Amino acid sequence: MATQRLFFALSLPKPLPQQLVNWRAEQFAAEDGKPVEAANLHLTLAFLGDVSDTTSARLQQAAARIQQPGFQIELNDAGHWPRPGVVWLGCQRAPRGLLQLASLLRSQAARHGCPQSTQPFHPHITLLRHATQRVALPAPGFHWQFAVEHFGLYSSSFSRGRTRYKQLARWPLLPLA
Ligand code: 2AM
């Protein structure tokens with residue numbers, strides 16, 4: 001049976017990806033890790049793993065029924081997870097809307113046979129992989145915020161040494177209050 005590696009995620013509005021890439025270039029040297037390309041920067045809501053077309057269609061139907069307001073994300077935290085060697089950006093206090101959306105998608109995923117990690121959800125944007133270097137905070141220029149007005153379903157594939165993410169579907173959140 002054909003499957004695709006899928007995940008629900010938030011994309012980053014322009015010009016944020018380029019701003020993050022610029023900031024990263026000031027903070028980290030080439031040998032500090034493998035930078036995630038600007039086009040691939042995202043915040044994962046629920047990782048689904050390898051999913052059949054039937055399950056993908058069911059998950060998309062469930063996602064389309066989600067009705068919740070958009071929210072603001074403030075990127076004011078960063079860190080380094082030595083295993084698996086990830087440098088990430090995140091929030092000191094994740095907004096309730098973000099936690100609610102991720103929790104709903106993760107429980108829908110589990111119900112449709114996509115096992116979810118038992119680790120607590122820690123929303124983050126991965127900036128570097130195979131990273132050995134910690135992030136020194138506070139750092140100059142560190143603090144961004146953006147409005148989240150929709151979420152999407154993405155496929156992940158790896159070919160010719162590159163990871164590619166493709167948006168398969170996107171759903172709007174209700175207008176921000
Ligand atoms: P990461 O950025 O912390 O590695 C696509 O692979 C996205 O799904 C990545 O953002 C990755 O998070 C996330 N993800 C969550 N759980 C995963 C898993 N078990 N395997 C691969 N990616 C996972």
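Which pocket is taken by the ligand? In this predicted model, where local features need pLDDT of at least 70, side-chain atom pairs count only at pLDDT 80 or more, and totals for chains, interfaces and linings use all residues, the space that the ligand takes is the largest pocket. Residues are numbered from 1 along each chain as its sequence is written, and side-chain values use heavy atoms, with hydrogens and water left out. A pocket is defined on a 1 Å grid over the protein atoms alone as an open set of points with protein on both sides within 12 Å along at least five of seven lines, and its lining residues have an atom within 4 Å of a point; a molecule sits in a pocket if more than half of its atoms lie within 2 Å of the grid points.

The shell around the ligand (residues with a heavy atom within 4 Å of it) consists of Arg5, Phe7, His42, Thr44, Phe47, His124, Thr126, Arg129 and Tyr165. By class, this shell holds 3 nonpolar, 4 polar and 2 charged residues, where Ala, Val, Leu, Ile, Met, Phe, Trp, Tyr, Cys and Pro count as nonpolar, Asp, Glu, Lys and Arg as charged, and the others, Gly among them, as polar. Strands S1 (3-11), S3 (42-52) and S7 (125-129) each contribute at least two residues to the shell, and the largest share, 3 residues, is that of S3; strands (E, at least two residues) and helices (H or I, at least four) are DSSP runs numbered from the N terminus.

Polar contacts, taken as pairs of N or O atoms within 3.5 Å, are formed between the ligand and side chains of this shell. An oxygen atom of the ligand lies 2.6 Å from a side-chain N or O atom of histidine 42, and a distance of 2.6 Å likewise separates a ligand oxygen from such an atom in histidine 124 and in threonine 126. Of the 470 Å² of accessible area that the ligand has on its own, 65% is covered by the protein, with areas obtained by the Shrake-Rupley method and a 1.4 Å probe.

The largest pocket contains about 990 Å³ of space, a volume being the space filled by probe spheres set on the grid points, which are joined across faces, edges and corners. Its lining comprises 36 residues, of which Thr44, Phe47, His124, Thr126 and Arg129 are the closest to the centre. At least two lining residues come from each of S1, S2 (34-35), S3, S7, S9 (150-159) and S10 (162-172), and S3 gives the largest share, with 7 residues. The lining divides into 16 nonpolar, 14 polar and 6 charged residues.

The second largest pocket holds about 290 Å³ of space, and among its 14 lining residues the closest to the centre are Ser11, Ala38, Ala39, Asn40 and Leu41. Two or more residues of this lining are supplied by S1 and by helix H1 (16-27), and the lining is made up of 9 nonpolar, 4 polar and 1 charged.

Some backbone features are found in loops. The peptide bond from lysine 14 to proline 15 is cis, with omega near 5°, and proline 15 belongs to the loop between S1 and H1. A cis peptide bond also runs from arginine 83 to proline 84, with omega near 20°, where proline 84 lies in the loop between S5 (77-81) and S6 (86-90). Histidine 143, although not a glycine, has a positive phi of about 160° and is placed in the loop between S7 and S8 (144-148).

Notes: A polar contact is a pair of N or O atoms within 3.5 Å; within protein, one must be able to donate a hydrogen and the other to accept it, and residues adjacent in sequence count only if both atoms are side-chain atoms. On a 1 Å grid over the protein atoms alone, a cavity is a set of points where a 1.4 Å probe fits but cannot get out, and a pocket is an open set with protein on both sides within 12 Å along at least five of seven lines; lining residues have an atom within 4 Å of a point.
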